[in-house]
Amino acid sequence: MADGVPILLEFSGGAELLFGKVKKHNVILQESEKPWTIKKLLFWIKDNLLQERPELFIQGESVRPGILVLINDADWELMGETEYILQENDKVVFISTLHGG
């Protein structure tokens, strides 16, 4: 058993540009006293994966408007948004719907 929670993160629709153009990240979130929520994950992503312009990804304690979030292919609004507690092997996808022009 791993010491943590293994999950898959995917970034697309342009969001991957903020992460060194890498679309898929297999990560293991270190075990902690409090469960891993999406909110906690967002700050972890900001501190560990985000390479530029955090204001294009995160706003306050959530993703900025225009970024769709899917948890295991379901809209995160159905799953409790930032309060969703991550489970082993969850897939969390961030899709930017904002396109420059």
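# Pairs, a sheet and a core

Me: What makes β1 and strand β2 (residues 24-30) a pair?
Reply: This is a predicted model, and in it seven bridges join β1 and β2, in the antiparallel sense. A pair needs at least two bridges, so with seven these strands count as paired. One example is glycine 4, whose bridge partner in β2 is glutamine 30.

Me: And how do you know that β1 also pairs with strand β7 (residues 91-96)?
Reply: Try the same test: at least two bridges are needed, and β1 and β7 have five, so they pair too. Here the sense is parallel. Look for phenylalanine 11, which has phenylalanine 94 as its bridge partner in β7.

Me: Why is the pairing in the open sheet called mixed?
Reply: Strands of a sheet can pair either parallel or antiparallel. You've got both here: β1 with β2 is antiparallel, while β1 with β7 is parallel. The sheet holds five strands, in the order β2-β1-β7-β5-β6.

Me: What makes β2 and β6 edge strands?
Reply: Each has a single partner strand, so one side of each is left without a neighbour in the sheet.

Me: Why is β1 (residues 4-12) said to be largely enclosed?
Reply: Buried means under 20% relative accessible area. Eight of the nine residues of β1 are buried, so the rest of the structure largely encloses this strand. Helix α1 (residues 38-48) lies across β1, as well as β2, β5 (67-71) and β7, and runs at about 70 degrees to β1.

Me: Which residues touch the most other members of the largest nonpolar core?
Reply: Those are Leu9, Leu41, Ile45, Phe57 and Phe94, out of 28 residues in that core. Two or more residues come from each of β1, β2, α1, β5 and β7, and α1 gives the most, with five. Leaving out residues up to four places away in sequence, phenylalanine 94 touches a list of residues including Leu9, Ile45 and Phe57.

Me: How do you know how confident the predictor is?
Reply: pLDDT runs from 0 to 100, and the chain averages 93, with 95% of the residues scoring at least 70. Where pLDDT is low, the predicted coordinates shouldn't be read in detail.

Methods:
Residues numbered from 1 in each chain as written. Predicted model: local features only at pLDDT ≥ 70, side-chain atom pairs only at ≥ 80, totals over all residues. Heavy atoms only, no water. Buried < 20%, exposed > 50% of the residue type's maximum accessible area, 1.4 Å probe, protein only. Helix = DSSP H or I, 4+ residues; strand = E, 2+ residues; numbered from the N terminus. Contact = heavy atoms within 4.5 Å. Axes fitted to C-alpha atoms, helices over the stretch in contact; angles between N-to-C directions. Core = buried A, V, L, I, M, F, W, Y, C linked by side-chain atoms within 4.5 Å.
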